[in-house]
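Good morning. I have one structure to go through today, and I will keep to what can be computed from its atoms.

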Amino acid sequence: MASNLPMSPQLEQIHGEIRDHFRALANGFQRLDKIKDSNRQSKQLEELTEKMRECKRLVKEFDRELKDEEIRNSPEVNKQLNDEKQSMIKELNSYVALRKTYMSTLGNKKVELFDMGAGVSGEPTAEENVQVASAMSNQELVDAGMQRMDETDQAIERSKQVVEQTMEVGTQTAANLKGQTDQMGRVVNHLDTIQFSLKKASQLVKEIGRQVATDKCIMMFLFLIVCGVIAIIIVKIVNPNNKDIRDIPGLAPPAQSRKLLYLRNPEYMGK
């Protein structure tokens, strides 16, 4: 039946790959009956599971291609292709059930790696998709496709808005960081200026301190000299006959009394 179906090259290639996997699965399960070692049986089941997983992917791809070509094919051809797809799904389900039987026989408690049902993911199977599509008219299919495209466009627009908002936040953050960097640079420059001013002020204070100390010494020395001179003058005035104290240059001796000057004057002595 399948060889007489009018298929496009893409559908024919996918269909051929699915049939090749089905033959490999049939031979694999036949060899599995002859294997006695449980470890080898588990390994063989893992290989068959991979083939079933690949078959599932190919069936979904066959379904997508069939939907794309549905408009170009006649209703009779579409019905025959859908029947062939249903047949492949049933055959694949039979291998899945056979695998579960072997797994139960082996006592393997591992989590199922392959499930043709809805499973944990909640995604509909290819068979369920075919049943839903078969119950819908062409207009309903077109409307469903348009709705899906609208939802995809909305999701893309939301993603674009998120990207634009992220770029705006990044730009604003970069500007703020640049402003903070410039401000920190100015603060560092001010600190350098303040440090230089403090050094100059410290040097100036030291220099003033040295000058003040020198001036104090000079003033103290002059004060001592003045005090000494005043003391000598006072002693001379009090005791003018004291020969131990020399006359200060420029300082006149104390004036003698008028009586002594009168007696010593020669003119008056002659009289």
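I will start with the overall makeup, then take the helix packing, the salt bridges, two pairs of positions and a surface patch.

First, a caution: this is a predicted model. Please keep that in mind for every distance and angle I quote.

The overall makeup is simple to state. The chain has seven helices and zero strands. Reading from the N terminus, the elements go α-α-α-α-α-α-α. The chain has 271 residues, and 18% of them are buried.

Now the packing of H1, H2 and H3. Helix H1 covers residues 9-34 and helix H3 covers residues 75-106. Helix H2 covers residues 38-68. I will take the three pairs in turn.

Start with H1 and H2. Their axes are 9 Å apart, and the packing angle is about 160°. The cut-off for roughly antiparallel is over 145 degrees, and H1 and H2 are therefore roughly antiparallel to each other. Their crossing is left-handed.

Next, H2 and H3. Here the axes are 10 Å apart, again with an angle of about 160°. H2 is therefore roughly antiparallel to H3. This crossing, between H2 and H3, is left-handed.

That leaves H1 and H3. The two axes come within 11 Å and cross at roughly 25°. Angles under 35 degrees count as roughly parallel, so H1 is roughly parallel to H3. H1 passes H3 in a left-handed crossing.

On to the salt bridges. How many salt bridges does a search of the whole structure find? The number is ten. I will go through three of them.

The one to look at with the packing in mind joins Glu-84 and Arg-19, whose closest N and O atoms are 2.7 Å apart. Which parts of the chain does this pair tie together? Arg-19 sits in helix H1 and Glu-84 in helix H3, so the bridge links parts that are 65 residues apart in sequence. Is Glu-84 buried or exposed? Its relative accessible area is 4%, so Glu-84 is buried; the cut-off for buried is under 20%. The pair is also part of something wider, since a network of salt bridges links Arg-19, Glu-84 and Glu-91.

The second bridge stays inside one helix. The side chains of Asp-20 and Arg-23 meet with an N to O distance of 2.1 Å. Both residues lie in helix H1, three residues apart, or about one turn of the helix. Asp-20 has a relative accessibility of 42% and so counts as partly exposed.

The third bridge has a similar layout in another helix. Arg-57 and Glu-54 form a salt bridge at 2.3 Å, N to O. Because they are three residues apart in helix H2, about one helical turn separates them. Arg-57 is at 41% relative accessibility and therefore counts as partly exposed. Glu-54, at 27%, counts as partly exposed too.

Now two pairs of positions that are apart along the chain. Glu-69 is in the loop between H2 and H3. With a relative accessible area of 5%, Glu-69 is buried. Its C-alpha atom is 9.5 Å from that of Met-7, and the two residues are 62 residues apart along the chain.

The other pair is Arg-31 and Gln-44. Arg-31 belongs to helix H1, and at 47% relative accessibility it counts as partly exposed. The C-alpha atoms of Arg-31 and Gln-44 are separated by 8.9 Å, with their positions 13 residues apart in the numbering.

Last, the surface. Which residues make up the nonpolar surface patch of about 570 Å²? They are Ile-218, Met-219, Phe-221, Leu-222, Ile-225 and Val-229. Of these, Phe-221 lies in helix H5, which covers residues 138-238. Phe-221 is at 53% relative accessibility, so it counts as exposed, the cut-off being over 50%.

To recap: H1 is roughly antiparallel to H2 and roughly parallel to H3. The salt bridge between Glu-84 and Arg-19 joins H3 to H1, and Glu-84 is buried. That is what I have; I will take questions now.

Notes: Residues numbered from 1 in each chain as written. Predicted model: local features only at pLDDT ≥ 70, side-chain atom pairs only at ≥ 80, totals over all residues. Heavy atoms only, no water. Patch = residues over 30% accessible without salt bridge, like charges linked within 9 Å, V, L, I, M, F, W, Y side chains within 5 Å. Areas by Shrake-Rupley, 256 points an atom, 1.4 Å probe, with all protein chains shown as cover. Salt bridge = Lys/Arg side-chain N within 4 Å of Asp/Glu carboxyl O. Helix = DSSP H or I, 4+ residues; strand = E, 2+ residues; numbered from the N terminus. Buried < 20%, exposed > 50% of the residue type's maximum accessible area, 1.4 Å probe, protein only. Axes fitted to C-alpha atoms, helices over the stretch in contact; angles between N-to-C directions. Parallel < 35°, antiparallel > 145°, perpendicular 65-115°, else oblique. Left-handed = near helix turned anticlockwise from the far one by under 90°.
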